[in-house]
Amino acid sequence: MSTESRPRALSYDIPHGTARSSADGAAHTIGFELSFPHPLESVWAAVATPAGLRGWLAAADPFEPGPGGAVTLRWLNRGPQGALREGGPASDEGFATAGRITAWSRRRLAEYTVDGRGSFGFTLRGTLDDDRTRVRFRNDFTGDADSLPDTLADWHQHFELLGEELRGRPVDWATWTPARFAELRGEYALSLS
């Protein structure tokens, strides 16, 4: 078998995220502290442009950069009804969530608020001449506390895919399967119990 036809291994060096819930258990915040050996401009392009987002998170159309701009994310790892895909060809008909860009500071902050995901944002730290960028991620949402392992696993896997996007290897959504998600979900379920 040629090396080009072998499935490539993802690097699993993403640290586990954290979760907090309100006293009544209805509001949740998850966070990740990430560091990527890539310059600020590259990381910004991956988290704040339609082309970058498609390579690791979701198709973004429309995408109007700046505070108040419209955004619709189509989660290509999910079918049109929102369930995780079991493999097979992906299309731009993934699960769509409409929203707004709620905070924006060029090269520093991109925050989105979309249906079903709450608000989530990326705060970037680094300099234009640095070859490493630190990313602080936060997702605030409401819902059942039982969804925390799923939400943490979903973001964790997407951040693994972000690492690959930054290496110039965007995800091929047609080959995506929920196996890694299931593994991560199990790890988070154990850590939260």
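1. Let me start with the sheet. In this predicted model, eight strands form an open sheet in the order E1-E2-E8-E7-E6-E5-E4-E3, and their pairing is antiparallel. Its edges are strand E1 (18–21) and strand E3 (59–63); each has a single partner strand, so one side of each is left without a neighbour in the sheet. On average, neighbouring strands here are turned by 20° against each other, with direction ignored.

2. Now for the pairings within that order. Strand E7 (residues 118–125) pairs with strand E8 (residues 133–142) in the antiparallel sense, over seven bridges. If you would like a residue pair to look at, Phe-120 has Asn-139 in E8 as its bridge partner.

3. Helix H1 deserves a look against this background. H1 (residues 40–48) packs on the sheet, where it touches strand E2 (27–36), E3, strand E5 (95–105), strand E6 (109–114), E7 and E8. The direction of H1 makes about 10° with that of E6.

4. Further along the sheet, E5 has pairings worth checking with both E4 and E6. E4 and E5 are antiparallel, and six bridges pair them; Ala-70 stands opposite Arg-100 in E5. E5 and E6 also run antiparallel and are joined by six bridges, with Ala-103 standing opposite Glu-111 in E6.

5. The turn between E5 and E6 is a nice detail to inspect. These two strands form a hairpin, with three residues between them. Within that turn, Arg-107 has a positive phi of about 70°.

6. Helix H3 also meets the sheet. H3 lies across E1, E2, strand E4 (70–75), E7 and E8, and runs at about 20° to E2. Please compare the lists of strands for the two helices: E2, E7 and E8 are among the strands touched by H1, and H3 lies across E2, E7 and E8 too.

7. How do H1 and H3 pack against each other? Their angle is about 130° and their axes are 10 Å apart, which makes H1 oblique to H3. The crossing of H1 past H3 is right-handed. On the H1 side, the residues that meet H3 are Ser-42, Val-43, Ala-46 and Val-47; on the H3 side they are Leu-162, Glu-165 and Leu-166.

8. One residue of H3 that I would pick out is His-156. Its place is in helix H3, which covers residues 148–166. Is His-156 buried or exposed? With a relative accessible area of 2%, against a cut-off of under 20% for burial, His-156 is buried.

9. The surroundings of His-156 are worth a close view. Leaving aside residues up to four places away in sequence, His-156 touches Ile-14, Pro-15, His-16, Phe-32, Arg-180, Leu-184 and Tyr-188. One of these, Ile-14, is also reached by the side chain of His-156 at its backbone oxygen, at 3.4 Å.

10. Finally, the overall picture. The protein has four helices and eight strands, and from the N terminus on its elements run β-β-α-α-β-β-β-β-β-β-α-α. Of its 193 residues, 44% are buried. Among contacts with a separation of 6 or more, 58% are between residues 24 or more positions apart.

Conventions: Residues are numbered from 1 along each chain as its sequence is written. This is a predicted model: local features need pLDDT of at least 70, side-chain atom pairs count only at pLDDT 80 or more; totals for chains, interfaces and linings use all residues. Side-chain values use heavy atoms; hydrogens and water are left out. Buried means under 20% relative accessible area, exposed over 50%, partly exposed in between (1.4 Å probe, protein chains only). A polar contact is a pair of N or O atoms within 3.5 Å; within protein, one must be able to donate a hydrogen and the other to accept it, and residues adjacent in sequence count only if both atoms are side-chain atoms. Contact means heavy atoms within 4.5 Å. Two strands pair if DSSP finds at least two bridges between them. Axes are lines fitted to C-alpha atoms, for helices over the stretch in contact, and angles run from 0 to 180 degrees between N-to-C directions. Angles under 35 degrees count as roughly parallel, over 145 as roughly antiparallel, 65 to 115 as roughly perpendicular and the rest as oblique. A crossing is left-handed if the near helix is turned anticlockwise from the far one by less than a right angle, and right-handed if clockwise.
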